[in-house]
Structure formats: C-alpha cells, structure tokens
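This report describes the fold, the surface and a set of side-chain pairings of one protein. The sequence and the structure are shown first, and the account follows under short headings.

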Amino acid sequence: INGKWGNGDTRKQKLKAAGYDYNAVQAKVNELCGIKSEPATSKKQTVTLPKTVKEWRVYPLDKVPVVGNECGKLAPVKFGGLTYEVIGRPKANVVTIQTRDFGTVNIYVGPDTGAVVK
C-alpha cells in the first residue's frame, strides 16, 4: 500500500522473487482499500516432485515445515515422480496439497528441491 514494492511488472517480479503470490497480495490490498473485485479465474497450479527423489517430507498444516515436524513421507521415485494440485501457498516455498495417504498437508518446494510449480 505504501509503494515499498514498486508498481506494475516490477512489483509483480519483486513479490514473486520474495516467494509471495502476487494475486493474493493484490486481493488483500484491494480489500484493505475497500476495492471490490471479481475473483481471479486463474489456471490451477500444480507441483511436480521429481522422479529421482526417494523421500519427500509432508507436514501438518499447523506445524512449521522443518525436519522433525513431518507427519509422513511421499515416495516420488516409486511412481516416476508425483504431481499434485496446489490448493494453497501458506508461505514462501511452501505449498498445500491433498494426498491419498496423509490428507491435506504442506510440503517444502524451495528452489534447491527440484520441485516444479506450474
């Protein structure tokens, strides 16, 4: 709101580089400013976990996604990789997914992991 992130494409790029969802940030800014907007009809995102990874930790929604807080592990290598719909982005480099075995969980998808979010 104060313009600290710039504007236009520069703002979008800075927010994305910092791990924020531009559309979510803009929606909140609009809300705070009393601007009503139509919900975005954006394409759903997916996350693909590489087929070369043996284990991928999953975390409960109410825990910080760090080693020791996991509630289970996925096995992308067993399935030639795994792809899930992204149903949330609670923080930078973390996405929420729905799994068969663990239900709705968070996973870490930082740039060093090989995960691809599209």
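## Exposure classes

A residue counts as buried under 20% relative accessible area, as exposed over 50%, and as partly exposed in between. Glu55, with a relative accessible area of 45%, is therefore partly exposed. The coordinates discussed here are those of a predicted model.

## Overall architecture

The protein contains two helices and eight strands. Read from the N terminus, the order of elements is α-α-β-β-β-β-β-β-β-β. The C-alpha trace spans about 45 × 30 × 25 Å along its principal axes.

Of the contacts with a separation of 6 or more, 48% are between residues 24 or more positions apart. Buried residues account for 28% of the 118 residues.

## Surface and charge

The exposed area of the protein is about 8300 Å², and 51% of this area is supplied by carbon and sulfur atoms. The side chains include 19 positive and 10 negative ones, and the centres of these two sets lie 4 Å apart.

## Salt bridges

Side chains of opposite charge can pair when their charged atoms come close. Across the whole structure, four salt bridges are found. Among them is the pair of Glu85 and Lys44, whose closest N and O atoms are 3.8 Å apart. Glu85 belongs to strand E4, whereas Lys44 lies in the loop between helix H2 (22–32) and strand E1 (46–49), so the bridge ties together parts that are 41 residues apart in sequence. The partners fall into separate exposure classes: Glu85 is partly exposed because its relative accessible area is 37%, and Lys44 is exposed because its relative accessible area is 60%.

The side chains of Glu55 and Lys73 also form a salt bridge, with an N to O distance of 3.3 Å. This pair links distant parts of the chain, 18 residues apart: Glu55 is in the loop between E1 and strand E2 (56–58), and Lys73 is in strand E3. Lys73 has 38% relative accessibility and therefore counts as partly exposed; Glu55, at 45%, is likewise partly exposed. A further salt bridge joins Asp101 and Arg100, the closest N and O atoms being 2.9 Å apart. Both Asp101 and Arg100 are exposed.

## Thr99 and its surroundings

Thr99 lies in strand E6, which covers residues 94–99. Is this residue, Thr99, buried or exposed? Its relative accessibility is 5%, so Thr99 counts as buried.

Leaving aside residues up to four places away in sequence, Thr99 touches Leu74, Tyr84 and Val105. In addition, a polar atom of the Thr99 side chain lies 2.9 Å from the backbone nitrogen of Phe102.

## The loop at Lys78

Lys78 is located in the loop between strand E3 (72–74) and strand E4 (82–85). Its relative accessibility of 68% is the reason why Lys78 counts as exposed. The C-alpha atom of Lys78 is separated by 9.1 Å from that of Thr52, a residue 26 residues apart from Lys78 along the chain.

Technical notes. Residues are numbered from 1 along each chain as its sequence is written. This is a predicted model: local features need pLDDT of at least 70, side-chain atom pairs count only at pLDDT 80 or more; totals for chains, interfaces and linings use all residues. Side-chain values use heavy atoms; hydrogens and water are left out. Helices (H or I, at least four residues) and strands (E, at least two) are DSSP runs, numbered from the N terminus. Buried means under 20% relative accessible area, exposed over 50%, partly exposed in between (1.4 Å probe, protein chains only). Contact means heavy atoms within 4.5 Å. Accessible areas come from the Shrake-Rupley method with a 1.4 Å probe; for residues, only the protein chains shown count as cover. Lys and Arg count as positive and Asp and Glu as negative; His and the chain ends are not counted. The place of a charge is taken as NZ of Lys, CZ of Arg, CG of Asp or CD of Glu. A polar contact is a pair of N or O atoms within 3.5 Å; within protein, one must be able to donate a hydrogen and the other to accept it, and residues adjacent in sequence count only if both atoms are side-chain atoms.
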